[in-house]
Amino acid sequence: MKLELVVFNVSDVERTKAFYENLGWRFDIDVVEGDFRGVHFTPPNSDASILFRKGVTPNNSGSAHNLVLAVDDLDAAREDLIARGVNVSDIFHYAGAPFNNAVENPRVSGRDPQARSYFSFASFEDPDGNIWLLQEITTRFPGRLWESTRAGDLDVATLASLLAETAKQHDHYKKTHAEHHWWDWYAPYLSARQNGSSSEEAAAVADRYMEEIFPVLST
C-alpha cells in the first residue's frame, strides 16, 4: 500500500483550480457529475495526488491542516512559490519535535539550529485556508526508503517498437520546429509512455517540455 490521494472540500472550485495550476502542479482531471465536481492535481515528482471537490456534503466548511510537501531545498521552494505570487511564511522549526503544536509558541523562527533533515519548515495556504507545510528532507532516516523494484522492464523487442513509435511522433515535431536535439524530445516522450500515457498524451508532454525547458521556435 502507498498513499495515493488526499481529498478535501473547497468553496470555489475554479478559484482553487487556478491556485494549484499557478503552483505548476500537474492537472490530471476535472470531473463534473450533477451537483458534484472534483478536480485532481499532482505535485511535481509526487506519487500521491490531491482531489478537491464541491457538492459532496451540504456544508463544505472545514479546512485541512498540516498537509505536508517534502522538498530537498527549502529556500528554492520558497523562492519558486513567492515568484508565483503565493504568500509563504518565513522558514521556521518547531520548539518540540516536528509537527508538535502542543507546546506554547510551537513555531520558532529560523532553520533548525542543528541543520537536521526533517526539522526545517515553511508554510502557505490555498484560497480555502487549507494549510500546506514544506518540510525540508535532505537525507532520509534509515529504513525510510522502500526497496525499489523495477516492475515491467522492457524487453528488447518492446523497446525497439517504442523507439520506432517515438521516432514517428517526433518526425512531426521536427518538421514544424527549429533545429534541436532529438534526444531532448525523446526523453519526456518515452518517460510519459512508460508511465501509462497514450502516444498523443506523451507527444503533448514532450512538446510542453521542449517549450518550457528548451524553448524551440515553430517554423
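Me: How do H3 and H5 sit relative to each other?
Reply: H3 and H5 are oblique to each other, because angles under 35 degrees count as roughly parallel, over 145 as roughly antiparallel, 65 to 115 as roughly perpendicular and the rest as oblique. The angle between H3 and H5 is about 50 degrees, and their axes are 11 Å apart. Axes here are lines fitted to C-alpha atoms, for helices over the stretch in contact, with angles from 0 to 180 degrees between N-to-C directions.

Me: What am I looking at, and how are the residues numbered?
Reply: It's a predicted model, where local features need pLDDT of at least 70, side-chain atom pairs count only at pLDDT 80 or more, and totals for chains, interfaces and linings use all residues. Residues are numbered from 1 along each chain as its sequence is written, and side-chain values use heavy atoms, leaving out hydrogens and water.

Me: Ok, back to H3 and H5. What handedness does their crossing have?
Reply: Right-handed, meaning the near helix is turned clockwise from the far one by less than a right angle (anticlockwise would be left-handed).

Me: Which residues make that contact?
Reply: From H3 you get Glu 165, Gln 169 and Tyr 173, and from H5 Ser 199, Ala 203, Asp 207 and Met 210. Contact means heavy atoms within 4.5 Å. By class, this contact of H3 with H5 has 3 nonpolar, 2 polar and 2 charged residues. Ala, Val, Leu, Ile, Met, Phe, Trp, Tyr, Cys and Pro count as nonpolar, Asp, Glu, Lys and Arg as charged, and the others, Gly among them, as polar.

Me: And H3 with H4, what's the angle?
Reply: About 125 degrees, with the axes of H3 (156-176) and H4 (182-194) 10 Å apart. That makes H3 oblique to H4, and their crossing is right-handed. Helices are DSSP runs (H or I, at least four residues), as are strands (E, at least two), numbered from the N terminus.

Me: Which residues of H3 meet H4?
Reply: Among them are Leu 162, Thr 166 and His 170 in H3, with Trp 182, Tyr 186 and Leu 190 on the H4 side. The contact divides into 9 nonpolar, 4 polar and 2 charged residues.

Me: How far apart are the axes of H4 and H5?
Reply: They come within 8 Å and cross at roughly 140 degrees, so H4 and H5 are oblique to each other. Trp 185 and Tyr 189 of H4, for example, are part of a contact that includes Ala 202 and Val 205 of H5. That contact has 10 nonpolar, 1 polar and 3 charged residues.

Me: New topic: which element gives the most to the lining of the second largest pocket?
Reply: H5, with 6 residues. The lining has 23 residues, and Arg 26, Pro 44, Asn 45, Val 205 and Arg 208 lie nearest the pocket's centre. On a 1 Å grid over the protein atoms alone, a pocket is an open set of points where a 1.4 Å probe fits, with protein on both sides within 12 Å along at least five of seven lines; lining residues have an atom within 4 Å of a point.
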